[in-house]
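Subject: Structure handover and findings

Hi,

Here is the structure I promised to pass on. My notes follow below it.

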Amino acid sequence: MMKKLSRSVDLLLGIGMASCLAAMSCLVFSNVILRYLFDSGITWSEEMSRYLFVFMIFLGTTRAMKFNQHLNVDIFIKLMPFKWLRVTLQLISASLMLYALWLLIDGSWQLAKINMNTLGPATNMPLWLLYAGAMIMGACMCLFILFGIRRLFENEQQQDALDKNKNHQEGEA
């Protein structure tokens, strides 16, 4: 059930990123052709391309968090001699990321409230939608971090069980 949901979320994120990139490319290419060949253009294409680029980044960072592909420095964690210390450092790291995401979500909420009645100059698109996208991205990333914490504890429990089984078998021999 969870694997199917995970694959569905990954597919949705991938389709969303590809759709944003395709729409953005079509808008910019069409606008270039119209300007150079027909001396006219799409007035709102630049602004809409910017919005699509922002949403593509939101989707991409969410997908990168899902697969733990963001840059991280884990050399200190790998050098720790005790397993409990490694787990503790990973929990501290996850807590700091959750705090940073909370700041992002709260700041986006404040900006969405401020820009509730503001419209884009060319598209007349409400600007609060950009900040809503940041809030959704932050919330999804928080969920992926919490799932990662759960996976960390499950892996540690499995490793403990394997170690106990290995010690028990060595004791019999």
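F58 is buried, with a relative accessible area of 15%. This is a predicted model, so please read every value here as computed from it. F58 has an aromatic partner, F55. By the rule used, the count comes to one aromatic pair. F55 and F58 form it edge-to-face, with 5.9 Å centre to centre and 90° between the planes. Both phenylalanines lie in helix α2, three residues apart, about one turn of the helix. An α-helix has 3.6 residues a turn, so residues three or four places apart point the same way. Burial separates the two partners: F55 counts as partly exposed because its relative accessibility is 25%, while F58 at 15% is buried.

Start of α2

Helix α2 covers residues 45-66, and S45 lies in it. S45 counts as buried, because its relative accessibility is 2%. The side chain of S45 makes a polar contact with the side chain of N31, at 2.9 Å. Beyond its neighbours within four places in sequence, S45 is in contact with L27 and N31. Both of those residues are among the buried residues of α1.

Helix α1

Helix α1 runs over residues 2-38, 37 residues in total. From first C-alpha to last it reaches 52 Å, close to the 54 Å expected at 1.5 Å a residue. Its buried residues are D10, L13, G16, C20, M24, L27 and N31. What do the buried residues of α1 pack against? They pack against α2.

Two positive phi values

D39 follows α1 and is found in the loop between α1 and α2. Its phi is near 55°, positive in a residue other than glycine. D39 counts as exposed, because its relative accessibility is 73%. N124 also has a positive phi, about 60°, although N124 is not a glycine. N124 lies in the loop between α4 (83-114) and α5 (128-172). For context, most residues other than glycine have a negative phi. Please look at both spots in the model.

Nonpolar cores

The largest nonpolar core has 15 residues. Those with the most contacts inside it are M65, L101, M135, M141 and I145. Helices α2, α4 and α5 each supply at least two residues of this core. The most comes from α5, with nine residues. Apart from this core lies another, of five residues, among them C20, M24, L27 and L52. Of these, C20, M24 and L27 are also listed among the buried residues of α1. In soluble globular proteins, nonpolar side chains tend to be buried together.

M65 is worth a click. Leaving aside its neighbours within four places in sequence, M65 is in contact with H70, M97, M141, F144 and I145. Among these, M141 and I145 are also listed with the most contacts inside the largest core.

Cysteines

How many disulfides does the structure hold? It holds zero. A disulfide is a covalent bond between the sulfur atoms of two cysteines. The sulfur of C20 has its closest cysteine sulfur in C26, 12 Å away, so the two are too far apart for a bond. C20 counts as buried, because its relative accessibility is 10%. For C142, the closest cysteine sulfur is in C140, at 9.3 Å, which is also too far for a bond. C142 counts as buried too, because its relative accessibility is 15%.

Helix α3

Helix α3 covers residues 75-79, and I77 has its place there. Is I77 buried or exposed? I77 counts as buried, because its relative accessibility is 17%. Outside its neighbours within four places in sequence, I77 is in contact with R86, L89 and Q90. Of these, R86, L89 and Q90 fall within the range given for α4, 83-114. I77 and W44 are 33 residues apart along the chain, and their C-alpha atoms are separated by 49 Å.

That covers my notes. Over to you.

Best wishes

Conventions. Residues are numbered from 1 along each chain as its sequence is written. This is a predicted model: local features need pLDDT of at least 70, side-chain atom pairs count only at pLDDT 80 or more; totals for chains, interfaces and linings use all residues. Side-chain values use heavy atoms; hydrogens and water are left out. Helices (H or I, at least four residues) and strands (E, at least two) are DSSP runs, numbered from the N terminus. Buried means under 20% relative accessible area, exposed over 50%, partly exposed in between (1.4 Å probe, protein chains only). A polar contact is a pair of N or O atoms within 3.5 Å; within protein, one must be able to donate a hydrogen and the other to accept it, and residues adjacent in sequence count only if both atoms are side-chain atoms. Contact means heavy atoms within 4.5 Å. The expected span of a helix is 1.5 Å times one less than its number of residues. Rings of Phe, Tyr and Trp (its six-membered ring) pair if their centres lie within 6.5 Å; planes under 30 degrees apart count as stacked, over 60 as edge-to-face and the rest as tilted. A disulfide is a pair of cysteine sulfur atoms within 2.5 Å. A nonpolar core is a set of buried Ala, Val, Leu, Ile, Met, Phe, Trp, Tyr and Cys residues joined through side-chain atoms within 4.5 Å.
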